[in-house]
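Here are some short exercises for you, each with a worked solution. Have the viewer open and try each task before reading on.

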Amino acid sequence: MVDRVQILDAVKAAMEAAPERKFQESIEISVNLRNIDMSQPKNRIDETMILPQGTGQPQKICVLGKGDITTQAKAAGVDLIIGPEEIERLGGEPREARLFADQYRFFLAETAVMPLVGRWLGTRLGPRGKMPTPVPPTMDVGPAVERLRKSVKFRSKDKTTFHVKVGSAGMDADALAENIEAVLHRVEGSLESGAMNIRSVYVKTSMGPAVRII
């Protein structure tokens, strides 16, 4: 496991090297793997985790369902709530459904509408790794929304290189380093040989040059 000081130095270097922008860029790491067969599904990484210091930017969340879940979702301040009729309508509008799938980062769905989601939106959400988290009738959606606001999802698919958002340029370098350390710990725990399966890790702003961590 790389130490925090090494991560912090790389974060500072990446932020200093990034050209000044008129908007707040994301900070991401790219992880390059080695000595692992990514054609085997068991070796692929598919993780959702809470970042210790959050993402530094709003995460757009959509809730699908009707009844009590919509009341709770409104109280939690989610970005969009859609019911069964809208789920079915989107299923008949491929272009709009693609935009919908790309626009929101996380989805929560009442268990009763999950079959509808699978039927009408599964082909849009599934390949993007965005199938909704089912919400049973007895579950309060509010805490789940709060967790997702601080969460990131990352997948390697069948590639040996993948990217993870670890925060935003407006965050303190120490906070970013803590987030990166947590992500790398999760990645190592997901790999058959742990750190031995990691060839290199780079950090960068979304439009800036990459700086090597390891």
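**Exercise 1: one helix and its surroundings**

Elements covering the buried residues of α5 include β3 (61-64), α3 (84-91), α4 (94-103), β5 (106-110) and β6 (133-135); contact means heavy atoms within 4.5 Å. This is a predicted model, where local features need pLDDT of at least 70, side-chain atom pairs count only at pLDDT 80 or more, and totals for chains, interfaces and linings use all residues. Residues are numbered from 1 along each chain as its sequence is written, and side-chain values use heavy atoms, with hydrogens and water left out.

Task: Which residues of α5 are buried, and which exposed residues does the face turned away from them carry?

Solution.
- Step 1. Apply the cut-offs: buried is under 20% relative accessible area, exposed over 50%, partly exposed in between (1.4 Å probe, protein chains only). Helices (H or I, at least four residues) and strands (E, at least two) are DSSP runs, numbered from the N terminus.
- Step 2. Met114, Val117, Leu121, Gly122 and Leu125 are the buried ones. They line one face of the helix, because down the axis of α5 they fall within an arc of 145°, taken from the directions from the helix axis to the C-beta atoms.
- Step 3. Turned away from that side are the exposed Pro115, Arg119 and Thr123.

**Exercise 2: the cores**

Task: Which residues have the most contacts inside the largest nonpolar core?

Solution.
- Step 1. A nonpolar core is a set of buried Ala, Val, Leu, Ile, Met, Phe, Trp, Tyr and Cys residues joined through side-chain atoms within 4.5 Å.
- Step 2. The largest has 35 residues, and Ile29 and Val203 have the most contacts inside it.
- Step 3. Its largest share, eight residues, comes from α7.
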